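Colleague: I should like to learn how cysteines and surface patches are read in a model. Please take me through them in order.

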Amino acid sequence: MNKKIPEHIVNRKGPRSAKDLNPEVLEYLNGGLIETANLMEWLAVDQLKLLKLVLDDLGKSNWYDNFYEVVSNQKKPSANTNTKIIGTTFAQLTNDSKVISYLSNHNSDVCRCWATQYYSGIEMSITERLHTTKPFAGDSHFGVREVAIFATKEFIIEDLDQAVMILLNWTKDANENIRRYAVETIRPIGVWTKKIDELKENPEKAIDILEALKSDSSKYVKDAVGNWLNDASKTRPDWVRNICLQWEKKSLSKDTKYIIKKALRTINR
């Protein structure tokens, strides 16, 4: 973990395609020494190779066969499913806080993704689940933040009203990543995640969260709010139009105007 990372590795830009992957970078990634720079690198990490090193470091190398079996038995393996299976297998094997802390604070964003998914394998209330997810929702790395959504969305759907109440408080957080999670994780359609039929039909249930963020200064948050409303416009276009009209009257800020434009892009196509 203390190996000196060359400057050209630290300051690299992620590759645009798999053929552009730098073998030297991949070696550092699979060794858990650096974070992935973009989605292409994240998809390229050999999670079993990284896991073997992690288990050796934890003194748990005897666990490897358990992980290898469940990862290898998948019908349609992917980076996302590998992350989930490894995380939930950790949950089946241990409740040792030292192991979870090790993963949660690892240099590798992939290891932190496993920690995020660890909690999806544990029975807990939606209040506890969101509390344990919050550090990952606020993580500095895009991959961990996205996995935080994957790991919680099904549970949020099961207890939507309570989740919305909790997430409303997150809209006041100083961390833009936390504010973004509060709206992104309940998008009615979203990307690569389950749809929330209740919000497709009744977007009113999320209005307090949307209202709280309608003039947010963060582009990351504004994009999430605009995308949320664009999702809703596919099933409740009149409702979205009305909300945007109300916001135009209430707020003349450039931030709100940005959100409205993004929200109406399907309606105005």
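Modeller: The cysteines come before the surface patch.

Modeller: This is a predicted model, in which local features need pLDDT of at least 70 and side-chain atom pairs count only at pLDDT 80 or more, while totals for chains, interfaces and linings use all residues. Residues are numbered from 1 along each chain as its sequence is written, and side-chain values use heavy atoms, with hydrogens and water left out.

Colleague: How many disulfides does a search of the whole structure find?

Modeller: A disulfide is a covalent bond between the sulfur atoms of two cysteines. The criterion here is a pair of cysteine sulfur atoms within 2.5 Å. The search of the whole structure finds 0.

Colleague: Why does Cys-113 form no bond with Cys-111?

Modeller: The closest cysteine sulfur to that of Cys-113 lies in Cys-111, 9.0 Å away, which is too far for a bond.

Colleague: Is Cys-113 buried or exposed?

Modeller: Buried means under 20% relative accessible area, exposed over 50%, and partly exposed in between (1.4 Å probe, protein chains only). Cys-113 counts as buried because its relative accessibility is 0%. Cys-244, at 2%, is also buried.

Colleague: Which residues form a nonpolar patch on the surface?

Modeller: Patch residues have over 30% relative accessible area and no salt bridge (Lys or Arg side-chain nitrogen within 4 Å of an Asp or Glu carboxyl oxygen). Like charges are joined within 9 Å, and nonpolar side chains (Val, Leu, Ile, Met, Phe, Trp, Tyr) within 5 Å. Here Leu-39, Leu-43, Val-191 and Trp-192 form the patch, with about 430 Å² of accessible area together (Shrake-Rupley method, 1.4 Å probe; for residues, only the protein chains shown count as cover).

Colleague: Where is Trp-192 placed?

Modeller: Trp-192 is in the loop between H12 and H13, and Val-191 is found in that loop, between helix H12 (176–184) and helix H13 (197–201). Helices (H or I, at least four residues) are DSSP runs, numbered from the N terminus. Trp-192 is exposed at 64% relative accessibility, whereas Val-191 is partly exposed at 48%. Trp-192 also has a positive phi of about 65 degrees, although it is not a glycine.

Methods: Helices (H or I, at least four residues) and strands (E, at least two) are DSSP runs, numbered from the N terminus.
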